[in-house]
Amino acid sequence: MNTELLHAPADLARAATLLMQGELVAVPTETVYGLAADASNPDAVTKIFEAKQRPANHPLIVHLASAEHLSSWAKDIPERAWQLAAAFWPGPLTMLLAKADAVNSVVTGGKDTIGLRVPAHPALLQLLQQHQLAVAAPSANPHKKLSPTSAEQVLAGLDGKIAAVLDGGDCDVGLESTIVDLTSETVQVLRAGPISCEEISLVLGCEVSMPREHNVAVPGNVKAHYQPSKPLTILNSAELASRLRQRPADVICLYISDVFDAMALPHWQKLPTDKVAYAKQLYRSLFDADKAEGREIWLEQPPQLPNWADVNDRLKRAQHRG
Ligand code: TXA
Ligand code: MG
């Protein structure tokens, strides 16, 4: 299959046509690129699992044009969902709700819950609004690999396997959405993300918990995920400094502390100290490190602070071997 490279906003109509014909189109969101299929077309949604080599029991997030469409996809919607929608949509928050009876279970991996969000990327929003579409879209990467934050990264993993990619520029946020489970009495964040437990808690006026370990309710939260192809090792600043003193040859180093500036390593990249800028850059840097010459990646451990929870969560999974 020849994968078309489309540009937003000029080619939005072409992207919509392909989606309505049941084809897969990778689309930009504010978090990462998504691999989209018309969510009301089970045959199209099935293609997502084939293209990504994703197990069929891993549920997908459905992206809506606005919160008004919530009741077409979910039932027994609690007041909390409307409050969070008003506060954070369009934006990087996915809510788990009871799925509406009409929703085909291929979308939800056989579950009776559904993940829903309204994305904040203007091109995707326009596409969904103008063509009355809802799209099921996981991150547009082969299963377990790094999520793409540019059209170039999408093509690196899926060229020839999907009908098109809609280039909408680099993603602003750079890490996947926060997933919050609203299907039980207690509100739980299942995947840390750009919107924190504290922010959700402030809006709802109740406690919001975050499981310390990954939650089995989210199959994507497996230990090994978001992985570059080269082995990744996360080291604190002192360990990194001591290892670098041996002048290792084929290592790519990603660091944040100024002390490493002077080491003039053959392959290195400095990452921002600001959390938001770091998150935006991280997957691109790991992707570039994969392409660069070198056998493995050493990454300086970022701050272990609550607002870095999503970054540290992804890095832990990116490093996991086993
Ligand atoms: O930012 C994002 O969320 C991106 C963009 C494209 O929107 N999407 C994304 O999708 O990261 P994906 O499929 O790579 O990760 C979604 C996670 C998976 O771990 C999946 O298991 C979980 O959400 N999920 C979706 N629906 C669920 C459900 N009904 N129950 C439990 N987990 C669910
Ligand atoms: Mg993913």
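**Figure 1. Contacts and overall form of the protein chain in a predicted model.** Among the contacts in the protein chain with a separation of 6 or more, 67% are made by residues that stand 24 or more positions apart. The secondary structure of this chain comes to 10 helices and 16 strands. Its radius of gyration is 20 Å, close to the 20 Å that the globule rule gives for 322 residues, so the chain is as compact as a globular protein of that length. Taken along the principal axes, the box that the C-alpha atoms of the protein chain fill is roughly 60 × 50 × 35 Å.

**Figure 2. The surface and the charged side chains of the protein chain.** Of the 322 residues of the protein chain, 52% count as buried, and the accessible surface of the chain comes to about 13800 Å², with 51% of this area belonging to carbon and sulfur atoms. The side chains include 29 that are positive and 36 that are negative, and the centres of these two sets lie 7 Å apart.

**Figure 3. Strand 14, made up of residues 251–255.** In this strand 5 of the 5 residues are buried, so strand 14 is largely enclosed by the rest of the structure. In a regular strand the side chains alternate between the two faces of the sheet. Here Val-251, Cys-253 and Tyr-255 are buried on one side, while Ile-252 and Leu-254 are buried on the other, and both faces of the strand are therefore covered.

**Figure 4. The pairing of strand 14 with strand 16 and with strand 15.** Strand 14 pairs with strand 16, which spans residues 296–300, in the parallel sense and over 4 bridges; within this pairing, Leu-254 stands opposite Leu-299 of strand 16. Strand 14 also runs parallel to strand 15, residues 268–270, and 3 bridges join the two, with Trp-268 of strand 15 as the bridge partner of Cys-253.

**Figure 5. Leu-175 in the loop between strand 9 and strand 10.** The loop that holds Leu-175 lies between strand 9, residues 164–167, and strand 10, residues 178–181. Although it belongs to a loop, Leu-175 has a relative accessibility of 0% and so counts as buried, the cut-off for this word being under 20% relative accessible area. Once its neighbours within four places in sequence are left aside, Leu-175 is in contact with Thr-31, Val-32, Pro-194, Ala-279, Tyr-283, Asp-310, Val-311 and Arg-314. From Leu-175 to Ala-289 the distance is 17 Å in space, C-alpha to C-alpha, and 114 residues in sequence.

Methods. Residues numbered from 1 in each chain as written. Chains lettered and ligands numbered in written order. Predicted model: local features only at pLDDT ≥ 70, side-chain atom pairs only at ≥ 80, totals over all residues. Heavy atoms only, no water. Rg over C-alpha atoms; globule rule 2.2 N^0.38 Å. Buried < 20%, exposed > 50% of the residue type's maximum accessible area, 1.4 Å probe, protein only. Contact = heavy atoms within 4.5 Å. Areas by Shrake-Rupley, 256 points an atom, 1.4 Å probe, with all protein chains shown as cover. Lys, Arg positive; Asp, Glu negative; His and termini not counted. Charge placed at Lys NZ, Arg CZ, Asp CG, Glu CD. Pairing = 2+ DSSP bridges.
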